[in-house]
Amino acid sequence: MNPKLMGVVNVTPDSFSDGGRYLDADAAVRHGAELARDGAAILDVGGESTRPGAVEVDEAEELRRVEPVVRALAAGVTVSIDTTKLAVAEAALDAGASIVNDVSAFKRDPEMAGLCAERGVGVVLMHMPGNPRTMQDDPRYDDVVDDVKAFLAERMEFAVGQGIDEKRIWVDPGIGFGKTLEHNLELLRRLGELRELGRPLVVGTSRKSFIGKVDGSDVEDRIGGSIATSVLAAAEGADVLRVHDVAEMAQALAVTNAVLG
Ligand code: HH2
């Protein structure tokens with residue numbers, strides 16, 4: 001298994017896992033460069049936390065946070081911009097980003113699809129019911145895997161309808177977004193079913209609260225669970241793993257591959 005690692009660069013004061021650590025642009029750039037050295041093929045730069053209940057960041061502030069970081073990092077590595085806002089995506093693409101990672105799958109700002117089509121960039125469409133403020137209010141599904149798959153198929157159809165080349169779309173089940181512990185575990189267990197969408201799969205379990213729900217761990221103590229779930233996701237066919245701890249993840253994959261031969 002040879003998934004790409006997408007290293008997380010959060011330029012935020014309030015991200016659930018690393019909020020405030022890289023709010024300063026220089027610190028964020030240094031961190032991103034380190035993740036690239038550790039083996040990240042893509043750096044995912046975000047200026048707004050999407051943790052449950054997070055307050056929405058004003059567009060100008062989000063832009064101010066991410067633009068210099070994208071510009072510096074994109075000079076040496078592939079950068080994706082983690083945003084749901086058209087203006088932020090546009091500025092990040094101007095600064096050198098080549099992938100738009102929209103956790104709302106173009107629902108918050110449908111015009112983002114046109115921008116991505118026009119620029120010919122890659123897009124990540126992720127499943128999230130509603131928005132981060134409301135998504136954890138009693139999430140329910142008939143069958144979580146079938147429902148997520150149908151949602152992603154519909155968003156792919158929308159994106160293609162807006163002129164995006166289907167070959168540029170990656171899909172993501174949105175682990176932790178509007179899901180109970182059991183929903184997250186079932187999605188991971190049956191991840192392979194999402195391959196039927198025919199597009200590369202992005203999976204982000206890193207440091208998320210469902211890990212803490214399994215063993216009571218705090219956010220800074222979830223590397224073991226992050227690695228276990230990411231390796232299992234890769235075995236189920238994940239093509240991109242979105243992780244904070246790139247060096248540890250790269251080692252886990254190298255050793256897994258050595259054992260598997
Ligand atoms: N998870 C987070 C943010 N963006 N994008 C994709 N495609 N998939 C994910 O699973 C995903 C994502 C949440 O993690 P993090 O960035 O660490 O936290 P926060 O949103 O609080 O900044």
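**Salt bridges and the pairing of strand β8**

The side chains of arginine 189 and glutamate 182 come together in a salt bridge, with a nitrogen-to-oxygen separation of 3.5 Å, in what is a predicted model. Arginine 189 counts as exposed, at a relative accessibility of 51%, because the threshold for that class is anything over 50%. Its partner glutamate 182 is partly exposed, with a relative accessible area of 43%.

A further salt bridge is formed between the side chains of arginine 190 and glutamate 186, where the N to O distance is 2.6 Å. Glutamate 186 is partly exposed, at 24% relative accessibility, since only residues under 20% are classed as buried. Arginine 190 and glutamate 186 also belong to one network, in which salt bridges with shared partners join them to Asp143, Asp146 and Glu193.

In total, the structure holds 24 salt bridges, and among them is the pair formed by glutamate 62 and lysine 85, whose closest N and O atoms lie 2.5 Å apart. This pair links distant parts of the chain, 23 residues apart, with glutamate 62 situated in helix α2 (residues 59-74) and lysine 85 in the loop that runs between strand β3 (78-82) and helix α3 (86-94). Glutamate 62 has a relative accessible area of 1% and lysine 85 one of 2%, so both partners of this salt bridge fall under the 20% limit and are buried.

Strand β8 (residues 240-243) is likewise made up of buried residues, with Val240 and Arg242 pointing one way and Leu241 and Val243 pointing the other way. Such an arrangement follows a general pattern, because in a regular strand the side chains alternate between the two faces of the sheet. Arg242 is thus a buried residue of β8 that points the way Val240 does.

The pairing of β8 involves strands β1 and β7. Strand β1 (residues 4-10) runs parallel to β8 and is joined to it by four bridges, and within this pairing lysine 4 stands opposite valine 240. Strand β7 (residues 202-203) is also parallel to β8, the two being connected by two bridges, and here valine 202 is the residue that stands opposite valine 240. Valine 240 of β8 is therefore placed opposite both lysine 4 and valine 202.

Note on methods:
Residues are numbered from 1 along each chain as its sequence is written. This is a predicted model: local features need pLDDT of at least 70, side-chain atom pairs count only at pLDDT 80 or more; totals for chains, interfaces and linings use all residues. Side-chain values use heavy atoms; hydrogens and water are left out. Buried means under 20% relative accessible area, exposed over 50%, partly exposed in between (1.4 Å probe, protein chains only). A salt bridge is a side-chain nitrogen of Lys or Arg within 4 Å of a carboxyl oxygen of Asp or Glu.
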